[in-house]
Amino acid sequence: MEGSGDMLAIYNFNENEMIDFDGSNTLEFPDLDFVYADADSHTNEIAELYSYTEQPEFQHNVKAFEDQMEQYNLPPCWQKLTEKKQNGIILKLLDQLDMSKKTLRMKAARCILYLAQGCWAEVQSDQEQQMWAKKNVIMLYEAGVFAAFVELLNLEIDNSSTANIAMRKIAVSLADSIDLRVILSVLYIITEVMRAEKENKNRAHSHLVSNFITEITNPIGDELLPVKLLGMVTQFCTGMAPHFPMKKVLLLLWKISLVSLGGMDTLKGLKDKYRSVAGLSQNREDTLEISKVMRASSPPITAPSNDDNQNAKRSRPSRRVCTNPSQSQEGLIKQSSLDEQEQLGLEMEASTTENEEDLSDYFRQYEDPINGTNAATPDEGNTDNNGEEKDRNGTLPPAAPMEEVPQEITNRLPWAPKIRRKDIDIFLNNSRSKFIGYTLKDDHETLAGLPQPIQEGFKTLKKHMYVSLADIQIRREEEINRNPLSTSEGEIQLTPTEILYQAMLPNLSQYMISLLKILLAAAPTSKAKTESINIMSDVLPEDMPMTVTQSTKLGIDVSRHKEITVKAVSAILLLYLKHFKINHIYQFEFMSQHLVFANCIPLVLKFFNQDIMSYVGSKNIIPIMDFPSCVIGEQPELTSETMIIGDSAPYSWRNVFSCINLLRILNKLTKWKHSRIMMLVVFKSAPILKRTLKVRHALMQLYVLKLLKMQTKYLGRQWRKSNMKTISAIYAKVRHRLNDDWAFGNDLDARPWDFQAEECALKSGVDRFNNRRYLQVNNGILAGIDGLDYDDPIEGIGGNIGVTGVLGGDGIHAASSTVGSGILCANGSAGVGAVSVLGTSERVNACYGGLARKAEEIELSEEFKQNYEMWLHQEVYNNNIDWDALLSVEEFS
């Protein structure tokens with residue numbers, strides 16, 4: 001008992017050292033040296049595949065390998081065999097995988113897993129194990145092991161007897177998923193090794209990596225592997241397969257999607273490529289690159305001290321007394337302005353006296369990532385590139401005015417300002433209404449009659465106008481909807497993202513709800529409830545621990561399991577959102593709407609409504625039990641001292657990674673969406689996000705400040721007065737949008753009564769896109785599905801359906817959300833019918849976004865029927881149609 005108490009004290013000490021960061025602790029929490037990437041190191045990613053409870057099963061793999069080698073009359077030493085014999089053994093094991101007897105199949109599978117693990121029983125170091133694992137995985141993939149294990153996975157998914165046994169159990173344990181975990185582990189190790197080879201750009205195996213990407217991008221058998229794994233997630237969440245090991249499924253789904261679609265470098269290349277094709281300029285500012293040269297800001301003062309300061313300022317007597325009754329109204333107006341200026345001065349003065357480093361953090365001199373100029377600091381770099389002297393503030397002396405060398409200025413904001421075409425049009429229309437008295441519809445250039453300052457302002461706005469890919473794609477869709485016969489979209493490129501979207505489309509709503517349910521169950525703020533799904537089935541042993549040390553190890557393992565699950569789910573959602581957005585904006589909006597309908601926004605806020613410093617600095621890891629350390633060399637006895645050997649990181653990589661991913665997801669769901677921004681306000685996200693600023697990491701703070709900026713106008717004047725340091729951080733670190741009145745709440749374009757219409761218009765555009773693109777191309781890509789009337793608890797994508805909400809109150813409750821007519825008809829029935837080929841009326845209906853009606857559905861009035869002949873002569877016979885002009889339209893199809 002004493003040893004366990006010491007161990008708990010050590011863990012609590014490490015956490016408390018970071019919790020007391022509000023000024024009471026003398027040691028300030030340092031900046032995190034966390035580097036955001038697609039994934040952690042290869043060693044850590046492999047180690048996170050296994051839970052600590054699985055450690056005894058490693059010996060089963062060795063035993064299976066030794067038995068097989070004995071059958072082959074060969075010594076149980078893989079390293080001593082020639083390459084020819086090694087390939088022969090792999091082929092024999094593949095033949096054994098095809099046997100009908102399950103025990104023999106799984107014995108061969110365990111042998112292959114041992115080989116993929118690097119034959120750890122024969123090595124002396126971690127580096128040697130990694131070298132053999134890589135070599136063996138290359139041999140296994142060349143022999144066709146990956147495709148064979150996908151077939152094994154299909155057999156296990158369809159094994160209804162195992163699922164029925166697990167459903168009858170009160171508590172599902174590790175023993176119910178033994179075979180599935182072996183299969184998923186082999187698939188994951190092969191995928192992770194290929195991902196590492198792709199990142200390292202090893203030319204020796206480039207052809208294998210290319211073949212692997214092609215294999216997982218296209219359907220294996222009857223469906224895509226990512227869709228198969230998403231189906232496993234859905235079955236698990238509906239209770240049909242409670243024994244599925246969700247952590248391994250999600251990790252494999254994440255890595256398969258990452259390798260097939262591509263990571264951050266691929267996204268950047270695709271964005272540049274698509275912008276070039278659309279005739280747009282290249283995007284020179286990359287958020288992730290610029291954030292690397294930004295410094296984290298000191299956190300704002302805590303909420304209690306904010307309230308105390310504000311109460312003290314409220315109780316301060318007024319210094320101004322109005323003695324003239326006739327000037328009372330004017331005095332009141334001016335008094336509010338003076339109070340705001342006085343408040344601003346007090347805030348700046350107090351912040352300067354309390355912490356002199358705060359403002360210097362906000363207005364730091366940045367390195368220019370575009371021109372490659374370095375930031376000047378007070379201690380060094382006090383001369384510019386031409387050798388001219390600068391003073392301590394980094395400004396040029398009077399003899400050399402700044403206007404002459406603007407390109408040399410290094411004291412600058414990290415981002416160039418931007419403005420949308422929509423905002424320029426609003427500015428131009430308002431100016432015309434004010435100075436001329438009328439507006440010109442669809443005229444974006446005429447400046448006649450406008451004052452010279454307005455014209456100069458218009459030119460400045462035009463200079464900084466940014467046209468996104470989304471704007472081009474939306475305008476293209478509007479043109480196709482206006483002229484469906486004369487406008488052709490052209491051939492749809494079957495990119496990996498396009499193939500994935502077409503495969504996910506029929507059941508995308510279910511996939512999103514299932515992923516969010518798992519995210520809710522794995523969130524540290526979630527309470528254990530009997531009705532929630534059990535994601536611990538692949539970590540809990542059959543026999544509960546009997547000693548304190550075993551209980552402590554299991555507790556750490558459970559927390560670690562949840563953290564890895566959150567990491568995988570957040571990475572999957574963000575990866576899909578980013579790729580869909582680049583491929584087509586309406587694909588991104590379709591997925592985003594289903595996430596919003598499933599209450600993703602309050603779920604993410606609930607995740608951050610915790611002690612974020614404790615979560616980022618958590619120590620849910622036992623280094624000596626991570627693979628391969630747990631199987632190489634002599635293993636020490638597990639005690640309070642040995643548990644923390646090798647654990648020196650001041651933060652948890654996966655937890656910081658998960659937090660940044662969730663913040664990025666929240667940004668993508670709410671950007672330029674007034675109704676969703678109001679959800680942030682309604683759920684009181686401002687104090688939650690402000691607490692997140694305590695984590696001193698520039699990229700994480702940047703996304704938090706973006707979320708605060710978009711809702712500042714709705715938070716009220718009093719909030720802005722009390723949070724001037726946060727406002728200053730937003731000014732210094734977030735991109736400026738010209739004409740954006742974000743800090744003062746005077747935006748007339750953000751009226752509450754427009755929110756519903758905005759969402760409805762967006763959904764209408766998304767539905768027309770899906771109807772046109774996926775219901776009529778090649779007689780309907782999805783026409784094989786029975787009218788898209790999905791066989792699932794949620795009736796398809798469209799119709800007036802009730803979507804099961806992920807978050808309601810403190811647990812999982814049904815939150816009914818009315819979703820507009822999607823690919824189905826308005827009543828949620830089979831919109832296309834049971835035929836697989838669209839008829840003429842259906843083609844016309846799909847072409848017009850589902851707005852055309854059948855003849856039997858149109859009711860004619862009695863007056864129209866009596867005057868039908870008159871209408872026919874006036875509207876048909878007497879109207880001349882130039883058929884030659886119609887037929888000569890280009891791109892007519």
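**A predicted, mostly helical chain, read from one buried histidine**

At 3% relative accessibility, H243 falls under the 20% limit and therefore counts as buried. This histidine belongs to the loop that runs between α11 (225-237) and α12 (246-261). Once its neighbours within four places in sequence are set aside, H243 is in contact with T162, A163, A166, V172, D176, S177 and L180. The model in which these contacts appear is a predicted one, and the confidence attached to its parts is taken up towards the end.

Seen as a whole, the chain has 893 residues, of which 50% count as buried, and its secondary structure comes to 37 helices and 2 strands. Among the contacts with a separation of 6 or more, 76% are between residues 24 or more positions apart. The surface that the chain exposes is about 43200 Å², with carbon and sulfur atoms supplying 52% of it.

Helix α11, which precedes the loop of H243, also holds T234. With a relative accessibility of 10%, T234 is under the 20% limit and so counts as buried. Not counting residues up to four places away in sequence, T234 touches Q510, Y511 and S514. The C-alpha atoms of T234 and N507 are separated by 9.7 Å, although these two residues are 273 residues apart along the chain. From the other side, M504 is in contact with V227, L230, Y511, M512, Y576 and F580, again leaving aside its neighbours within four places in sequence.

M504 leads on to the nonpolar interior. In soluble globular proteins, nonpolar side chains tend to be buried together. Here the largest nonpolar core has 185 residues, and those with the most contacts inside it are W78, F146, F149, L153, M504 and F608. Helix α23 (residues 548-583) gives the largest share of this core, 12 residues. Apart from it lies another core, of 9 residues, among them I424, L428, L447 and I454.

Helix α5 shows in more detail how one element is enclosed. Its 15 residues (102-116) should span 21 Å at 1.5 Å a residue, and its end C-alpha atoms are 21 Å apart, which agrees with that expectation. Because 11 of the 15 residues of α5 are buried, the helix is largely enclosed by the rest of the structure. The buried residues are R105, M106, A108, A109, R110, C111, I112, L113, Y114, L115 and A116, a list that includes two arginines, R105 and R110. What covers them includes α3 (57-71), α4 (83-97), α6 (126-142), α7 (145-157) and α9 (178-200). Just after α5, G118 takes a positive phi of about 90°.

Positive phi values also occur in residues other than glycine. N73, in the loop between α3 and α4, has a phi near 55°, and with a relative accessible area of 69%, which is over the 50% limit, N73 is exposed. D442, whose phi is near 60°, is placed in the loop between α18 (421-435) and α19 (452-463), and at 64% relative accessibility D442 likewise counts as exposed.

A further backbone feature is the peptide bond from F627 to P628, which is cis, with omega near 5°. P628 is found in the loop between α26 (612-616) and α27 (653-670).

As for the cysteines, a search of the whole structure finds 0 disulfides. C630 counts as buried, at 4% relative accessibility, whereas C760, at 44%, counts as partly exposed.

How far can each part of this picture be read? The mean pLDDT of the chain is 77, and 72% of its residues reach 70 or more. Over residues 1-27, however, pLDDT stays under 50, and the model has 33 contacts beyond four places in sequence for this stretch. Over residues 808-853 the pLDDT is also below 50, and here the model has 105 contacts beyond near neighbours in sequence. Where pLDDT is low, the predicted coordinates should not be read in detail. The contacts listed for residues 1-27 and for residues 808-853 are therefore best taken with that caution.

Methods
Residues are numbered from 1 along each chain as its sequence is written. This is a predicted model: local features need pLDDT of at least 70, side-chain atom pairs count only at pLDDT 80 or more; totals for chains, interfaces and linings use all residues. Side-chain values use heavy atoms; hydrogens and water are left out. Helices (H or I, at least four residues) and strands (E, at least two) are DSSP runs, numbered from the N terminus. Buried means under 20% relative accessible area, exposed over 50%, partly exposed in between (1.4 Å probe, protein chains only). Contact means heavy atoms within 4.5 Å. Accessible areas come from the Shrake-Rupley method with a 1.4 Å probe; for residues, only the protein chains shown count as cover. The expected span of a helix is 1.5 Å times one less than its number of residues. pLDDT is the predictor's confidence in each residue, from 0 to 100. A disulfide is a pair of cysteine sulfur atoms within 2.5 Å. A nonpolar core is a set of buried Ala, Val, Leu, Ile, Met, Phe, Trp, Tyr and Cys residues joined through side-chain atoms within 4.5 Å.
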